[in-house]
Amino acid sequence: MNFPRRRAVLGVTAASALLALTACGGNVGSDSSSGDFPSGPITLTVGQAAGGSTDLIARTMGAGISDQLGVPVPVVNKPGANGALATKEVAAMPADGSNLILLNASLITITPLAVSEDETVTLDNLDVIKGLSQDDYVMVASKESGITSLDDLKKSTKTLTFGTTGVGTGSQLAQALLLAQADIKGTEVPFDSGSPALTAVMGNQVQLSTIQLGEAKPQIDAGKVVPVVVFSDERNTFLPDVPTALEEGYDVPVSQYRALAAPKGLPEDVKAKLVDAVDKTLAEDSTKAFNEKNLLTPKEISGEEVVKQWNDLATKYKDLTEEYDIELSSK
Amino acid sequence: MDSLQPVLDGFGVVLDPTNLLYCLIGVVIGMLIGVLPGLGPAATIAILLPLTYGVEPVTAIIMLAGIFYGAQYGGTITSVLLRLPGEASSVVTVFDGYVMAKQGRAGTALGIAAIGSFIGGTVSIIGLTFLAPVVAGFALDFGPPEYTALALLGILLVATISGGSKIKALIAAAFGLLLATTGRDIFTGAERFTFGNLGMADGIDFVPIAMGLFGVGEILYNLEERHRAAAVPVKVANVWPSRADLKQSTGAIGRGSVLGFFLGILPGGGATISSMAAYAVEKKRAKDPSRFGRGAVEGVAGPETANNAAATSSFIPLLTLGIPANATMAIIFGALLIQGVTPGPQLIANDPELFWGVVNSMYIGNILLLIMAIPLVGVFVRILRVRGAILAPITALITLLGSYTIRNSMFDVLLVVIFGAVGYLMKKFGFEPGPLVLAFVLGSLLESNLRRSLLVLGGDVGGFFTRPISATLLVIFVVVALWPMVKAAFDRRKSSRHETSDNQEVKENA
C-alpha cells in the first residue's frame, strides 16, 4: 500500500521540478539555451472549435510531435473569426518553439477578400514549419434536382439555389467563381457550416451546395446527394469519377490546405528540430491512416513552399474576383 | 418476431462487462463535466477521442454517448442548486428549480428531474428503436421556412413562459434579440456591434450571458441581501419527492417525453425549443399558472424530461441519415468515421450490432444514471447547507472557469463579469433574465432562417404558407398569440350574460 503512494509523491515532485525548469526556461531560453529545445510543453493552438477536421488534424499532429520530442503537446482551441483571433495571438507569442498554430489556408487566401483590412491575417508574422494536407471541395446536387453534371447546370432554366458554408470560405469562393465563369444563374444561400448545408441539399431545401469532401462523402456513397464537380487541380483520389472544374474549362482552383506554423523569428536549430519531428510524424503509418480515413490528400511541402503557394493563391483569388466582379461580402 | 432478433443481440453486446464499464465511465464523466458550464460534452468528447482509438467501435460509441446524456443530467444539478444553466435547454429548469431549492425542496427538484430524465430518455429510446426510420425524414423536411416558423413560435413561448411584469419581460426579450445580432453577419460579412474587436466577430456565446445573468447576478444580489438580514441557512427538507409531487408530475413527464422526442430530431435548436414548449404547455394546463416561477414541480419535470428525450432522439438523424443534429453529434460522427463506421442510411443494414448496441446502451446508461443520481441527490443538496460566504466564491469560480473553457479566452471571462453586473441590475429593477437569454438563443435562429428562407423562396413571403409544415406552425402561432384575447372576450361575454358575481374568478392570465 505504501509503495504506490510514495511513487505518486515522487511523481508530483518530478512534475513540479519540471514545472520549475520550464518556468526558468521561459525566461532565458529565447537566446542562449535553444540548444536544449524542447525544455517544456509545446502548445499547439487551433483557431477552430474542438471536433472539427482542423482540430482532429491538430490532435493527430500534436500526439505525433509529442512522441518525437518527448514533451507534452497540448492542443488548445481558441475559436473566433475563422481562426484570425488565434493566429494573431500566437503570432505575438515568443518565438522559442513552445507555441505552434495549425493554419487553414483559407484564412490567408480567401478571408481577406471578405473582411476589412485590419482584420486580415498574413503569413508575415509567422514562420511556417511544414505543409500538411489538402482537403477538397465538392459541389453536390440533390437527387430531386435531377442535376448530375455541369452541363445539366448550364442547361437549367430555373434559378437554382446554392448553399455555401459561410461568407469568406472556400465553399463560397469556389461556387461564386464557377457560376460567374459558366454564366449560371443562382441564388447563394449561406449556412453556418458544412453539415447544415449538406442536410439542406439532402432535403432539397437548396438544390446544390459546395462543401468539403470529408463531410459529403458518406452521403455521396449512400446515393443521397449527387457529386457534380470538384474544385481541386487534379481529380481527387477518393472521388476519381468526378471531373474537376479545371478540366471542364473553368479556372477555379480552390482547396483547403493546412500547415503548421510558429511565431516569426524561430531560431534555426529549433525550427530544424520541429521540422524533423513533423516529418517523422507525417511518415508514421498512423498519420497516413488518419489522412486516408478523413479523405485528406497529403500535401507535405516545406514551409517556404507553403508561403509561396498561399501568397500566390491569395493574389490569384483577388485577381479572379476582380475580373469577374465578385464580392464575397459587403465589407 | 424475426425483426426483434438484432435488437436482442444488441442487448447481448451492451451487457458485455467491458461495454458496461465504458458506459459507466462515460456517464460519470458526463455528469462531472455537466456540472462545469462551458466545458460541454462536445469539447470533452473531442479531447477524449484518442482514448477510444484502441477499443471496439461499439464500446467507444457507448462511452461517448454516455458522456453526452450524462452531461444533460449534470447540467440540471447546477441549474437547480446554483442557478447556473450550462445549456440553453436547461434555462427554463432554473425558473422553478432554483426557487424550489431556496424553499428547501432541492431534493424534490433533483429527484423529479432524475426520474423525468430517465422516463423521457427511455421513451425516446423506445421511439428510436421502433420509429427511427419512419421519423428520420422529419429532419429533412425542415428547411429554412420551417425553422423560421418554429423560432417565431419559440419567441412567442418566451412571452408565455415568463412570470411577473409582461412589459419588463418584453423589454428583456428585446434586449436578448439585440444581443443575438452581434458579430459578423453570416450573410454579408458586415460587422455588427463588434467595435473592431476580433473577439466579438462570432458574436457572444450563450454561456457568458447565461452564467453572468443568472449565476453572477444572483451572487451579487445575495451579497446585498446578506447585509440586510442575517444569513439563514437553507433548510433541506424532504430529500425525496413526495407521492403528491410524483402524482403532480406524471402528466408533465408524459407530455415532456413526447415533445422532446419529436423536437429533438430537428438539427439545431430542437432541444431548447422542446424544453421551452414543455414548460409553456405545463403552465397553460395548470389550474393556477401563477404557481409557475414560484416553485412548481411540473415546471422542473416537464422541461427536464423534454430535454433528455430530445438529447436521445438527436441520435436518430445521426444514426439513420448520417446528419449530426448538434456539435456533440458531429464529433460522435467523426469518432465513428475514425473507427471505420459510416453513420447513415446503411448503418442498420451493414452494422446492426453497432446500431443496436449503441441504442441499447442508452437503456442501460439511463438506468445507471438513475441509480447514481438518486443517492447522489442527498449528497448534492448538502451543498446548500454550505454558508453563502463559502458557496458564493465557489460558484463564482465555477462560472469564470466555465466561461474560460469555451474557447480558452479571457475575453469571455470579462463578458461574464459584465453580464453579472447587468444581471444584478436587472434583478434589482424587477427584470427576469429568462426572457433575455431565451430570446437571445432564438434570435439568431430566427434571423438566419428568415433571411435564408427569403433567399430560398426568392423573396416570396407567400412561400411560408404554401409549405405544409411551416403553414401549420404559423397557424399554431396565430392561435397561441390570439387565444388569450379570444378567451378574455369570451369570458367577458359569458360573465355579463350570467350576471353572476363570481367573475373575480376570471383571470386574464395569458
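**Chat about a predicted two-chain model**

Biologist: Quick one to start: is Arg452(B) buried or exposed?

Modeller: Arg452(B) is buried, with a relative accessible area of 5%. Keep in mind that this is a predicted model.

Biologist: Which residue does Arg452(B) form a salt bridge with?

Modeller: With Asp192(A); the closest N and O atoms of the two are 3.6 Å apart. That pair crosses between chains. On the chain B side, Arg452(B) belongs to helix H20 (residues 433–456). On the chain A side, Asp192(A) is in the loop between strand E6 (186–190) and helix H7 (194–202).

Biologist: And Asp192(A), buried or exposed?

Modeller: Asp192(A) counts as exposed, at 52% relative accessibility. The cut-off for exposed is over 50%. So the bridge has a buried arginine, Arg452(B), and an exposed aspartate, Asp192(A).

Biologist: How many salt bridges does the structure hold over all chains?

Modeller: There are 26 over all chains. As background, side chains of opposite charge can pair when their charged atoms come close.

Biologist: Let's stay with those. What does Glu218(B) pair with?

Modeller: Lys102(B), in a salt bridge with 3.5 Å between the closest N and O atoms. Glu218(B) sits in helix H10 (residues 206–228) of chain B and Lys102(B) in helix H5 (residues 91–102), so the bridge ties together parts that are 116 residues apart in sequence.

Biologist: How do Glu218(B) and Lys102(B) come out on accessibility?

Modeller: Glu218(B) is buried, at 2% relative accessibility. Lys102(B) is partly exposed, with a relative accessible area of 47%. There's a network here too: salt bridges that share partners join Arg83(B), Lys102(B), Glu218(B) and Lys427(B).

Biologist: Switching to chain A. Which residue does Lys217(A) meet in a salt bridge?

Modeller: Asp221(A), at 3.3 Å from N to O. The two are 4 residues apart in helix H8 (residues 213–221) of chain A, so about one helical turn separates them. In general, an α-helix has 3.6 residues a turn, so residues three or four places apart point the same way.

Biologist: What about the accessibility of those two?

Modeller: Lys217(A) is buried, with a relative accessible area of 14%, while Asp221(A) is exposed, at 51%.

Biologist: Which other residues of H8(A) are buried?

Modeller: Besides Lys217(A), the buried ones are Leu213(A), Ala216(A), Pro218(A), Gln219(A) and Ile220(A).

Biologist: What covers them?

Modeller: Parts of both chains. From chain A, the cover includes strand E4 (126–142), H7, strand E7 (208–212) and strand E8 (225–230). From chain B, it includes helix H14 (315–321) and helix H15 (327–338).

Biologist: What's going on with the backbone just after H8(A)?

Modeller: Gly223(A) takes a positive phi there, about 75 degrees.

Biologist: Where is Asp325(A)?

Modeller: In the segment after helix H11 (303–323) of chain A. Asp325(A) is exposed, with a relative accessible area of 66%. Its C-alpha is 8.6 Å from that of Ala180(A), with their positions 145 residues apart in sequence.

Biologist: Back to chain B, then. What does Leu48(B) touch?

Modeller: Leaving out residues up to four places away in sequence, Leu48(B) touches Ile29(B) and Ile67(B). Leu48(B) lies in helix H3 (residues 41–48) and counts as buried at 17% relative accessibility.

Biologist: Zooming out, what's the secondary structure of each chain?

Modeller: Chain B has 22 helices and 2 strands. Chain A comes to 11 helices and 10 strands.

Biologist: How much of each chain is buried?

Modeller: For chain A, 56% of the 331 residues. For chain B, 56% of the 510 residues.

Biologist: What share of the accessible surface comes from carbon and sulfur?

Modeller: In chain B, carbon and sulfur atoms supply 68% of about 20700 Å². In chain A, 52% of about 13900 Å² belongs to them.

Biologist: Last one: what radius of gyration does chain B have?

Modeller: 23 Å, which agrees with the value near 24 Å for a compact globule of 510 residues. The C-alpha atoms of chain B fill a box of roughly 70 × 60 × 55 Å along the principal axes. On charge, chain B has 34 positive and 31 negative side chains, with the centres of the two sets 12 Å apart.

Conventions:
Residues numbered from 1 in each chain as written. Chains lettered and ligands numbered in written order. Predicted model: local features only at pLDDT ≥ 70, side-chain atom pairs only at ≥ 80, totals over all residues. Heavy atoms only, no water. Rg over C-alpha atoms; globule rule 2.2 N^0.38 Å. Buried < 20%, exposed > 50% of the residue type's maximum accessible area, 1.4 Å probe, protein only. Areas by Shrake-Rupley, 256 points an atom, 1.4 Å probe, with all protein chains shown as cover. Lys, Arg positive; Asp, Glu negative; His and termini not counted. Charge placed at Lys NZ, Arg CZ, Asp CG, Glu CD. Salt bridge = Lys/Arg side-chain N within 4 Å of Asp/Glu carboxyl O. Contact = heavy atoms within 4.5 Å.
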